[in-house]
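Biologist: I would like to learn how to read charged and nonpolar features in a model like this one. Could we go through them together, one feature at a time?

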Amino acid sequence: YDSFIASRRRMQYDNPSFWDRRYERLISAALPNQEWYGLDDSVIDIVKEIADTSHHIHDLGCGQSVICDTLRSHGYTNLSGSDFSAVLIEHRQQEEKKRARVVGDKDIIKYVVCDLRLRPAMPEKSVDLILDKATLDSVTHRNSAEAKEDTRKVLDQAIRMLSDIGKI
């Protein structure tokens, strides 16, 4: 039964309303931000090796990840994240505004709502490093021609965002 429920949930990963409902519950319960696959120092160490603190780093399908917050604490100043849950992004934007008021921090993480199957999250050639920890898993969870096409669209949009020195 549990695997059936898990399978049905995964079937909805490509639906923004699934994520809106999920994040509404998490936010209303005041649950902290979370990492789907964990965040250890090795990810940050790799970013430090390949990106300057001034480079534009974008978290693709950011969800509740704290990777941009962690990078900010390491001196990175040009950070952004996108997700197709409007509920989540509105919450993240409010958190950033609150942080700016309370802490006086000028290094605001820019969060945008975006369905990467339809358009890029950032202007073309504007991102130096794209991080993806779970977006492709969410898109490819279905074993179908549609999932393959959605994956191609997401990757195409990500590539469009990359600067001339950009990496994924």
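**Charges inside, charges outside**

Modeller: Arginine 72 is a good place to begin: with a relative accessible area of 8%, this residue is buried, and please keep in mind throughout that the model is predicted.

Biologist: How should I read a buried charge, and which residue does arginine 72 form a salt bridge with inside its own helix?

Modeller: The general idea is to look for a side-chain nitrogen of Lys or Arg within 4 Å of a carboxyl oxygen of Asp or Glu. Here arginine 72 forms such a bridge with aspartate 69, whose closest O atom is 3.0 Å from the N atom of the arginine; the two residues lie three apart in helix α4, about one turn of the helix. Aspartate 69 counts as partly exposed, because its relative accessibility is 26%.

Biologist: Which other residue does aspartate 69 pair with?

Modeller: Aspartate 69 also forms a salt bridge with arginine 92, with 3.4 Å between the closest N and O atoms. Since aspartate 69 belongs to helix α4 and arginine 92 to helix α5 (residues 86-103), this pair ties together parts that are 23 residues apart in sequence. Arginine 92 counts as buried, at 1% relative accessibility.

Biologist: What does glutamate 96 contribute, and is it buried or exposed?

Modeller: The side chain of glutamate 96 meets that of arginine 72 in a salt bridge of 2.8 Å, N to O. This pair links distant parts of the chain, with glutamate 96 in helix α5 and arginine 72 in helix α4, 24 residues apart, and both residues are buried. Through shared partners, salt bridges join Asp69, Arg72, Arg92, Glu95 and Glu96 into one network, while the structure as a whole holds nine salt bridges.

Biologist: Where do nonpolar side chains tend to be in soluble globular proteins, and how many residues does the largest nonpolar core have here?

Modeller: In soluble globular proteins, such side chains tend to be buried together. In this model the largest nonpolar core has 15 residues, and those with the most contacts inside it are Val47, Ile57, Leu71, Tyr76, Leu79 and Leu131. Two or more residues come from each of α3, α4 (67-73) and β4 (127-131), and α4 gives the most, with three.

Biologist: Which residues form the negative surface patch?

Modeller: For a patch, one looks for like charges on the surface that have no salt bridge; in this model Asp40, Asp41, Asp45 and Glu49 form a negative one. Among them, aspartate 41 is placed in helix α3 (residues 41-50) and counts as exposed because its relative accessibility is 60%.

Terms used. Residues numbered from 1 in each chain as written. Predicted model: local features only at pLDDT ≥ 70, side-chain atom pairs only at ≥ 80, totals over all residues. Heavy atoms only, no water. Patch = residues over 30% accessible without salt bridge, like charges linked within 9 Å, V, L, I, M, F, W, Y side chains within 5 Å. Areas by Shrake-Rupley, 256 points an atom, 1.4 Å probe, with all protein chains shown as cover. Lys, Arg positive; Asp, Glu negative; His and termini not counted. Charge placed at Lys NZ, Arg CZ, Asp CG, Glu CD. Helix = DSSP H or I, 4+ residues; strand = E, 2+ residues; numbered from the N terminus. Buried < 20%, exposed > 50% of the residue type's maximum accessible area, 1.4 Å probe, protein only. Core = buried A, V, L, I, M, F, W, Y, C linked by side-chain atoms within 4.5 Å.
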